[in-house]
Amino acid sequence: MKTERNLMTIATVMFALNFSILCFYSLICVTTTFRICDTLGAHDFLTLVRQIPRYPWQMPVQSLSLYALLCAVSYFKIFRPIEHFPLRVVICATEIVLCAGIIFSLDFYYSGVALLVLADLVHYIRSNKLRLCFIVILSLMFAFGRYEIVSQFTKSIAFSAYLSYYTPITQGIFTSLESLMVCLNILLFVLYMILLFTGQKAENERIRKLNEQLNQANDQLRDYAINMERMTQMRERNRLAREIHDTLGHTLTGIIMGADAGLALLDVAPEESRKRIQVVAQTARNGLTDVRRSIKALRPDALERYSLAQALEDLVENFRLTTSAQITYCQEAGELNLDSDEEDALYRVVQEGMTNAVRHGKADRVAIRVSRTGDVVTVSVRDNGTGCDKPEEGFGLRHMRERLEMLGGTLSYGNLDNSAQDGYTGFFITVELSVRNRKGDSL
Amino acid sequence: MKKWIWKGHVVVLLVLMLCLNLPGCGGNRKTVLTIGVYSGSYWNTPNGNCYQILDDAIALFEESHPGVKVEYASGIPAGDYSEWLAEQIMKGTEPDLYFVLPEDFDLLVSSGALAQLDERIAEDPDFDTSLYYESCLRSGQFEGSQYALPHESVPTIMFVNKTLLEANGIEMPDNDWTWEDFYNICDQITDVDQHQYGVYGYSWLDAMYSNGASLFSEDGRSCYLAEENVLQAIQFTKQLGELGGGYNVSARDFDVGRVAFQPLLYSEYRAYQPYPWRVKKYSAFQWDCVSMPAGPSGSNISELHTMMLGISSRTRHGDLAWEFCKLLSINEDVQRKLYTSSHGISPLRAVAEDPELLQQIHHDIPEGSGFSPEMIHRIMDNAVVVPRFDAYDQAMIMAESAIQEAASNQLGQSKMLIAQSDINIFLNKS
């Protein structure tokens, strides 16, 4: 983010500036000490300040090594993010202690390093309470870590005493340089804070907008869900109707026709009649199972137990037995390993096609052909019935079409040509369904 | 992450331990004790081998403290010693113990360069403060605490030009003489036409000390400028000054034998009275010394200057420094050697007043010395030690300028009272 990058840049500049300030104070104190000694002014200087200075190496070594540690901790914090909260607090406390150490090692000449640490920590800690706590501590350090205040309680040599060794012009240069750097540090701090807080404000605004959008999307989703539910209900109702039509209608047709045939044969061939009635009973039982199935899962039982090919064969066989129609079943699609909804649809097409041929077309020959070209499975049902003068889409056909359309397939039907050589001149239903290619499919 | 931090902590700890142990694990390296010392004599008198006593003491010390080596930088003239010491303090390389010049004592204590010795004195069973002259010990005290031990002392005494006195038919004054005697002799001697004067260099402070007065209280909180005995001293010095009729007597006048009296340090007497040095200075006349004349409310006493030894407040060998400090200050053998070869008076009663030693010291003086054990006892026991405190120098300047102003106008107690209250305000502020 741009703000983040700017903050980083300002922090880096502040770190560099504070380093220069530390070097400035250390250098002035050390070099002045040795210059005073070289020009035989040591006794006068001591008389002036009435205080033994610290070891000359002490200020640069202590302040710069502590500063190096501070930089290391700050760097560590950025590049190795810590999730553990107490550890974060420990790191912040370490920085504050190091800051106090630096101010102390500089003899309280400069407390601006507290601002650097403050900027660093305010950015790092997001907890408002802790932030406030750090702000108070570091502000106090900045305000009271001044030589003018601390010198009331401890004895140390004023920086101005070192400067007094130089000529007024040099003194002026050093003083200007000092205040320039100190002011720059404060300015950078203020800039940092402004950027930090405006950045946070912009971020809050962005979050608020995103929230609004999210709420809108939620509303839309809710509406959509309601619609969806309504549609699902509708579809389910249709499906239920289809199932009833498919299973009950088919079975009952079979039973009626079987029973009729049984009745017709009762006198002529009682034995045949008994067989037919047995088949009728079996069909009724199968129908009952189908109905149960439908209620349970609205799925054909045969499909539940067998593969589509097997289920179709059973269906055809049953149909042959319950009606007197001659059924030609030609399966050229090989192993049909389809998804259950596709299997359902094709099964119903064959079932519906056969039922319609016998029930409406009064056909006695039905030809069923299942073939496959690539992903497209084609099922055609033809009969030698009367066909349909005005083919009206009845309940069965409509649901067949709807079901197929849902799967992306097509349904065509109509009367066959009278000139057909194979004798099938009645009605035809052709289904083309592009099946989903399943893994492990043989084709 | 946690592991990583722990490792970091362990490394930091190890480094710290290593750093702390480095100075200690140097093997069999000798402990070096440094001592700050000047060459020549602080009292501005010729001194043969100035390091002899110190070298002997070091040998003694190193013998009794195996593994310790005492070192010093030689060749620092006494005049440059203050600056040298200040430089060392500035650079943080000051010796573990060092000689403290009387005029530096105040500065070194108030700047915190000298370690306080009260605790060591109280805890050391071998250290008996009653062996010292109280005045000598007091020289090393600042605001009631001991910061330095006396090494040798030099009181102020009055030099008398015997030749001049004899030429005017005046008898040599004895050690019990008073201001009156002093004034009378000066009055008789003074002859502006003959270019002959009574006294040179006798300050109002000299007069004040011998009049039982002191300018400041011990704690440095009050000034006694307007006290009766102080005013008497000021008045007396003024009268003496008026004898010469406005002529400013110089040191050269005394050196060539035209002045009867000059207060000088005892060390001058020790250096120039015996041969061979007596031909070098004050050779134009016969001279001797007496104690300072006593004022109406005081006695024959004067200010005492004491060379001291102090321990640096930043030393790492405080105990050794204390031992060596004691050796130079309170060890009788060392003090005896010092007494005979240097020009001061030992701060130890037993050494300073030892008749045999005095005999040995004064045997070179042709006419014999007036410094009997009794006289030394009297001078040393009653000597004035000016109380030292932070604002002493500034307060002294204020007092001097008040007296200067009063001297040019009419001396009045009311003016002195005003000055005194000004100084008191200043003292209580600082």
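**The A–B interface and one helix pair**

Let me begin with the interface, where chain B and chain A bury about 2200 Å² between them, 67% of it on carbon and sulfur atoms; buried area here is the accessible area, taken with a 1.4 Å probe, that two parts lose on being put together, summed over both. On the chain B side, B:Met90, B:Leu107 and B:Arg314 lose the most area to chain A, together 31% of what that side buries.

This is a predicted model, in which local features need pLDDT of at least 70 and side-chain atom pairs count only at pLDDT 80 or more, while totals for chains, interfaces and linings use all residues. Residues are numbered from 1 along each chain as its sequence is written, chains are lettered from A in the order in which they are written, and side-chain values use heavy atoms, with hydrogens and water left out.

Counted by contact, meaning heavy atoms within 4.5 Å, 23 residues of chain B touch 24 residues of chain A. There are 2 salt bridges between the chains, a salt bridge being a side-chain nitrogen of Lys or Arg within 4 Å of a carboxyl oxygen of Asp or Glu. B:Asp393 forms a salt bridge with A:Arg50, with the closest N and O atoms 3.7 Å apart.

Turning to chain A itself, residues that meet across two of its helices include A:Asp344, A:Arg348 and A:Glu352 in α13(A), and A:Leu397, A:Met400 and A:Arg403 in α14(A); helices are DSSP runs of H or I, at least four residues, numbered from the N terminus.
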